[in-house]
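Q: Please take a close look at a single part of this structure, a pair of packed helices, and place that pair in its wider setting.

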Amino acid sequence: MNARKSLAITAVAAVAALGLAACSSNNTPAATTPAAAPTGGATTGAAAGTDSGTLTIWENNTTGTKGPAFWQTVKTNYAKIQPGVTLNIVPVQNEDLDGKLQTAMNGGTPPDVFLQRGGGKLADMVSAGYVADITSAVNAPDIPAGAFAADTLGGKKYAMPLTILPGGFFYAKDLFTQAGIATPPTTLDELNQAVTKLKGIGVAPIALGAQDAWPAAHWFYWLSLRECTQDALEKAATTANLSDPCFLKAGTDLQTFAATKPFNDGFLTTSAQKGAGSSAGLVANHKAAMELMGAWDPGVIGGLTPDQKNLPDLGFFPFVSVPGGAGDPTAMMAGVDGYSCSSKAPMPACSNFLNFLGTTEVQKAYADANSAPPANTAAASAVTDPVLQQVMGYSQKAAYVSLWLDTRLGQSIGNALNTGVVNMLAGNGTPQGIIDAANKAAAKG
Amino acid sequence: MRENNAPVAVSSPVDLSTDGGSARVALPPSGLARRRPRGAGVAARLEIAALSAPAVIVFVTFVILPVFLAAYYGFFRWKGFGKPTNFIGLHNYKVILTDPDFHQALTHNIEIVVLSLAIQGPIAIAFALLLNQKMRGQSIIRVLIFVPYVISEAVAGIGWSLLLGGQGAFDALMRDWHLNFLDRDWLANPNVALWTLMIILTWKYIGYATILMLAGLQGIPEELNEAASIDGASYWQTQRRITLPLLGPTIRIWAFLSIIGALQLFDIVYIIWGQYVAGVAKVSTMATYMNTNGRSSGNFGYGSAVAVVMFLISLFIALLYQRFVLRRDTDGALTGGGRRTR
């Protein structure tokens with residue numbers, strides 16, 4: 001039904017375009033055809049201004065006023081560039097988006113453009129033929145190649161990155177000063193010393209939202225990033241196999257670190273972001289001194305402070321180096337939010353829109369609206385939050401930036417790793433148990 | 001064993017006449033009640049079929065069909081995108097039945113079943129006996145006991161998790177009141193978590209049980225209590241010998257509903273403990289296992305297989321219960337439930 005409808009629309013549009021071409025002199029008529037064969041059908045260099053049809057966009061900026069306002073600006077500005085294209089912007093709650101998208105895809109009525117986080121989920125969508133290959137259509141000169149890595153599979157690009165959210169320690173500078181910590185720690189030893197000093201002033205040294213499991217698993221992933229070479233990480237991610245001894249070493253490191261009791265009391269029943277009792281809330285209210293999170297944290301913490309403004313003394317320092325670790329101490333892990341075209345979306349209208357999302361003004365506007373570092377390096381000046389500027393500085397100097405390991409390994413193994421780490425931190429499991437859990441997960445599909 | 005179906009006129013040994021015994025009334029035997037005139041049969045059946053068709057179709061489509069679909073998907077390794085193509089036969093079921101996490105979840109479910117029956121039953125009967133007597137504030141107390149049942153599980157779960165969480169209000173209150181021995185980890189400590197769950201479940205579902213018992217008590221004739229007190233029975237003797245036995249059918253029905261509910265428990269555990277800590281705290285259930293290893297992991301084939309296993313376990317227990325426990329309550333019913341002895 002969708003194919004017939006878009007066929008009808010583009011047939012009318014094609015006739016209209018030919019009619020316009022007769023009048024205008026500098027627009028080459030590009031007859032837009034619906035994508036009957038999905039992947040690889042995107043043509044390059046389709047000129048601006050002659051696309052037509054409707055593009056349905058599913059985005060996750062549902063809260064606040066800045067996010068929805070950003071999308072309205074996109075709609076207005078894109079209408080000036082492509083007057084024939086109508087954008088149908090559909091905000092979908094972040095937690096619901098994956099499920100709704102899956103149902104829509106399986107039901108044959110996917111949105112044309114949707115939020116994409118890469119990793120195993122993208123791999124599943126691609127193998128079912130649901131995502132358009134935009135490799136040849138991408139035209140984003142200001143976005144570095146590394147930013148596309150998260151959404152590249154088998155050498156083909158499947159999404160336009162909008163924001164890169166690296167991770168590290170977000171800490172309360174006032175509490176550090178109070179505890180007598182002059183500079184943020186750079187090695188694991190210095191981190192241990194900082195933990196001891198912070199215990200001395202009666203705050204929880206590190207907030208951990210282990211109820212949601214992934215904050216705890218992130219400690220394991222960062223330690224793996226430090227213990228493993230980039231090659232070992234790549235191999236593990238592609239073969240879904242954590243047999244390299246560096247991962248076991250990372251698990252043992254975490255066990256040793258957790259034995260010094262650096263986390264807040266009751267971390268197993270502390271959520272990551274839900275309310276003032278969450279780990280973000282603890283930092284926001286100065287009950288804990290730091291937490292290991294991603295670049296969304298300044299915004300989240302800002303929403304949980306007593307005056308609902310960004311925490312004035314928030315600082316950032318990258319994950320510490322580990323003695324004897326084979327990984328580069330400047331390497332970082334990040335999430336990449338981007339937008340993909342579905343294989344049923346009209347081309348090149350859809351890939352043209354994605355290229356529009358990659359332009360500097362749009363990336364600046366997105367960074368401003370969401371307090372998130374843009375993928376486009378020329379748009380970096382839009383970020384005014386000093387903490388985020390620090391984060392971006394470190395990620396630009398990083399030897400390499402890897403996607404969150406659980407995103408890369410896919411939900412099944414990621415989930416099993418989450419459970420394994422929580423079990424170990426609760427005293428119920430061993431570092432080997434974490435590796436075993438990941439291998440067991442492969443049997444479940 | 002009843003062999004003949006021919007109508008037989010039987011005269012009743014009991015005198016049912018109301019005019020003093022001048023007439024005898026013949027009781028129709030049950031066989032006669034089953035015969036219907038041939039001609040009206042087809043029309044009546046069509047009418048029944050037409051009127052119940054919408055409900056039956058909806059029920060079959062949204063309840064029965066998904067069970068078969070789940071059984072179908074359970075034979076595949078499927079990520080939920082596109083059609084399932086990777087047929088692996090009974091592999092999922094083998095993995096489920098040998099997974100220690102699933103064994104633990106099943107054990108927890110059985111513990112919850114037993115504890116629910118043991119804790120909620122006596123309390124509900126006690127409440128019902130209490131509320132059955134005329135006293136001031138009877139209606140208000142009934143409402144208060146029933147209100148937790150009316151609150152949605154999601155709201156109740158979030159409320160309790162905020163109260164009992166590591167940074168929660170309960171621990172803080174206990175510290176303020178200097179009752180430090182009550183300031184402990186109520187949720188993640190495996191020695192304590194199951195009891196916390198039972199307290200929350202009792203709070204939530206005691207109203208339902210009490211209302212059922214109250215309804216059952218209404219069915220016990222007053223004359224029996226009066227006769228017993230004339231014979232000199234004390235209050236507790238009356239309850240033990242008259243009220244409780246007559247409350248039997250109600251208790252058995254409530255127990256059945258409670259068992260099935262406990263086997264399928266998901267929302268309270270998922271909302272308060274979350275899918276990861278539930279295992280650590282030893283309160284994971286088959287349903288949270290299904291969610292963690294199926295939907296959250298993107299393993300929809302495996303999750304479907306877990307759903308089928310849950311269905312079979314519940315069905316088996318339900319059938320056993322119906323055959324051995326509920327049979328005595330449907331014996332002798334006029335609708336012919338227990339007449340056919342096989």
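The answer below begins with the helix pair and then moves outward.

A: The model is predicted. The part examined here consists of helix H17, residues 411-425 of chain A, and helix H18, residues 431-443 of chain A.

Two packed helices are described by the angle between their axes and the distance between the axes. For H17(A) and H18(A), the axes come within 8 Å and cross at roughly 155 degrees. Since angles over 145 degrees count as roughly antiparallel, H17(A) and H18(A) are therefore roughly antiparallel to each other. The crossing in which H17(A) passes H18(A) is right-handed. On the H17(A) side, the contact is made by A:Ser412, A:Ile413, A:Ala416, A:Leu417, A:Thr419, A:Gly420, A:Val421, A:Asn423 and A:Met424. On the H18(A) side, the contributors are A:Pro431, A:Gly433, A:Ile434, A:Ala437, A:Ala438, A:Lys440 and A:Ala441. By residue class, this contact comprises 10 nonpolar, 5 polar and 1 charged.

The same two helices also take part in the meeting of the chains. In that interface, 32 residues of chain A are in contact with 28 residues of chain B. H17 and H18 of chain A, together with helix H3 (94-106) and helix H4 (119-127), each supply at least two residues of the side of chain A that touches chain B. H17(A) gives the most to that side, with 7 residues. The composition of the side of chain A that touches chain B is 11 nonpolar, 17 polar and 4 charged.

Elsewhere in chain A, strands are paired. Strand S3 (residues 113-116) runs parallel to strand S1 (residues 53-59), and 2 bridges join them. Within this pairing, A:Val113 of S3(A) stands opposite A:Ile57. S3(A) also pairs with strand S10 (residues 332-341) of chain A, in the antiparallel sense and over 4 bridges. There, A:Leu115 has A:Tyr339 in S10(A) as its bridge partner.

The helix pair and these strands belong to a chain with 18 helices and 11 strands. Of the 445 residues in chain A, 53% are buried. Among contacts in chain A between residues at least 6 apart in sequence, those that join residues at least 24 apart account for 72%.

How values were computed: Residues are numbered from 1 along each chain as its sequence is written. Chains are lettered from A and ligands numbered from 1 in the order in which they are written. This is a predicted model: local features need pLDDT of at least 70, side-chain atom pairs count only at pLDDT 80 or more; totals for chains, interfaces and linings use all residues. Axes are lines fitted to C-alpha atoms, for helices over the stretch in contact, and angles run from 0 to 180 degrees between N-to-C directions. Angles under 35 degrees count as roughly parallel, over 145 as roughly antiparallel, 65 to 115 as roughly perpendicular and the rest as oblique. A crossing is left-handed if the near helix is turned anticlockwise from the far one by less than a right angle, and right-handed if clockwise. Two residues are in contact if their C-beta atoms, placed from the backbone, lie within 7 Å. Ala, Val, Leu, Ile, Met, Phe, Trp, Tyr, Cys and Pro count as nonpolar, Asp, Glu, Lys and Arg as charged, and the others, Gly among them, as polar. Two strands pair if DSSP finds at least two bridges between them. A residue is buried if 20 or more other C-beta atoms lie within 10 Å of its own, exposed if 12 or fewer, and partly exposed in between; C-beta atoms are placed from the backbone.
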